[in-house]
Amino acid sequence: MTAVVDKFIKYVKYNTESDTQTGLTPSTVGQMDLANELVKELSEMGMSNVTLDENGYVMAELPSNIEKEVPVVGFISHMDTSPDFTGKNVKPQFVENYDGGDIVLNKEQNIIMKVADFPDLKMYKGQTLITTNGTTLLGADDKAGIAEIMTAVEFLINHPEIKHGPVHIGFTPDEEIGQGADYFNVQKFGADFAYTLDGGELGELQFENFNAAYAEVTFKGRNVHPGMAKDKMINSMNIVQEFRAQLPKDEVPEKTEDYEGFYHLLGIEGSVENSKLKYIIRDFDITAYEARKHKFETICKELQLQYGEENVILEMKDQYFNMREKIEPVKFIVDIAEQAMRDVGVTPLVVPIRGGTDGSRLSYMGLPCPNIFAGGHNFHGRFEYVPVDSMQKAVDVILKVIELISKR
Ligand SMILES: [Zn+2]
């Protein structure tokens, strides 16, 4: 096996599923276990300033071996896996010389990954794929990224004849629960810019993401015996209906793509007395994003006039913003990644992220941070897989980025 595969297989065996409920950072102890393993490996391979803080952030530095002053480049991946699907007892399986057909992940439980459902599989005919055994997620999101970064810096340490500037690397906890950047010490990290290795398929390069808000709307009603309710009862679930009716029906995740924004209803709680809607609001364009939030405010104001201010309560907060605004002034960092991909024979796929990454928040914390593919597909579920060749290519891209920066 190649170094990147060895590392990947080792890391996915750590259960690092994050958890929104613990209120801790890292949210789960498994992440700390992996962090300790990474620290050990980084120290053994000879990285400098290897640190692990109490929140589970791993940082390490590879000093420059050239005279010339060049920018400090960072590479970042996250250690946790999504709470959407279990990451316990991951048993990766190799599909060698993949024949392009359906893949039986688990014979006993009859779990099959079908090409009809996942046509992207066809791109990898003849390659080696790493899949799950159908009962867990794989964790290529984002342990493929960790393995790729680890392999790249180890390669540079083992090949001191290759000239490079300073390279800083960071592994973060709790990205999947939106907290990966919370305690990231940008100053300590000390890079001029960085790349997250947290994208999907080969070639992905991303520097735009949603502007994102979370909103909860609470409606209060008045319960009265239904037999005597005339002109007395207020059914909060009916106010919910009125609220919902005023939102455009087609601006939802299942009917939008590319640069289109949406309102996404995450959950409803309802009774006559009390109902609550939970929404996420997304848009790439900042003006359109503000207009979406304003729409929530307007609808709520109208309903307040009708039902009383205290009976319609809107709580809304920004979650993250489109990193494009912070990348645009240093656009050359995207150009470098694009060039690096072409130089190693990968066609760049520049696509907007219909979500956020650690990088979107880090960009606003002063560390511009586009996102590069880590190679995996079908994240957050049992059909997750990663082609070995894509991981190897990601290592090549990291090395090429470092080389291009050292030549600037
Ligand atoms: Zn990820």
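The four donor atoms around the zinc ion subtend angles of 51 to 148°, so the arrangement is irregular. Four donors would count as tetrahedral only if all angles lay between 85 and 135 degrees. This is a predicted model.

**Zinc site**

The donors are His-78 (NE2), Asp-141 (OD), Asp-198 (OD) and Asp-198 (OD), at 1.9 to 2.8 Å. Asp-198 is thus listed with two OD donors. Along the sequence the donor residues follow the spacing H-x62-D-x56-D. Asp-141 belongs to helix α3 (residues 140-158), and Asp-198 to strand β9 (residues 193-199). The pair therefore ties together parts that are 57 residues apart in sequence. Asp-141 counts as buried because its relative accessibility is 6%. Asp-198, at 12%, counts as buried too.

Helix α3 itself is mostly covered, with 15 of its 19 residues buried. At 1.5 Å a residue, those 19 residues should span 27 Å. The end C-alpha atoms of α3 are 25 Å apart, which agrees.

**Nonpolar cores**

The largest nonpolar core has 65 residues. Phe-8, Phe-75, Ile-169, Phe-171 and Tyr-195 have the most contacts inside it. Helix α10 (residues 388-406) supplies the largest share of this core, eleven residues.

What does Phe-75 touch, leaving out residues up to four places away in sequence? Its contacts are Ile-149, Val-167, His-168, Ile-169, Gly-170, Phe-189, Ala-194, Tyr-195, Leu-197, Ile-398, Val-401 and Ile-402. Ile-169 and Tyr-195 appear in that set, and both are also among the core residues with the most contacts.

A second, separate core has 18 residues, including Val-217, Phe-243, Tyr-279 and Leu-303.

**Aromatic pairs**

The whole structure holds 17 aromatic pairs. Two of them are set out here.

| Pair | Ring centres | Plane angle | Arrangement |
|---|---|---|---|
| Tyr-124 and Tyr-385 | 6.2 Å apart | 75° | edge-to-face |
| Tyr-263 and Phe-296 | 5.6 Å apart | 15° | stacked |

Take Tyr-124 and Tyr-385. Tyr-124 sits in the loop between β6 (111-113) and β7 (129-131), whereas Tyr-385 sits in strand β17 (residues 385-387). This pair ties together parts that are 261 residues apart in sequence. Tyr-124 counts as buried at 3% relative accessibility. Tyr-385 is buried, with a relative accessible area of 0%.

Now Tyr-263 and Phe-296. Their planes lie at 15°, so the pair is stacked; the cut-off for stacking is under 30 degrees. Tyr-263 is in strand β12 (residues 262-270) and Phe-296 in helix α6 (residues 286-307). They are 33 residues apart, and the pair links distant parts of the chain. Tyr-263 is buried, with a relative accessible area of 5%. Phe-296 is buried as well, at 0%.

Tyr-263 and Phe-296 also belong to a cluster linked by ring pairs, together with Phe-219, Phe-243 and Tyr-279. Phe-243 and Tyr-279 are residues of the second core as well.

**Strand β6 and Ile-112**

Ile-112 lies in strand β6. Is Ile-112 buried, partly exposed or exposed? Its relative accessible area is 28%, so it is partly exposed. Setting aside residues up to four places away in sequence, Ile-112 touches Asp-102, Ile-103, Val-104, Leu-105 and Phe-383. Ile-112 and Asn-133 are 21 residues apart in sequence, and their C-alpha atoms are 9.7 Å apart in space.

Notes:
Residues numbered from 1 in each chain as written. Predicted model: local features only at pLDDT ≥ 70, side-chain atom pairs only at ≥ 80, totals over all residues. Heavy atoms only, no water. Donors = N, O, S within 2.8 Å, 3.2 Å for Na, K, Ca; no water. Tetrahedral: all angles 85-135°; square planar, octahedral: opposite > 155°, others 65-115°. Helix = DSSP H or I, 4+ residues; strand = E, 2+ residues; numbered from the N terminus. Buried < 20%, exposed > 50% of the residue type's maximum accessible area, 1.4 Å probe, protein only. Core = buried A, V, L, I, M, F, W, Y, C linked by side-chain atoms within 4.5 Å. Contact = heavy atoms within 4.5 Å. Expected span 1.5 Å × (residues − 1). Phe/Tyr/Trp six-rings, centres within 6.5 Å; stacked < 30°, edge-to-face > 60°.
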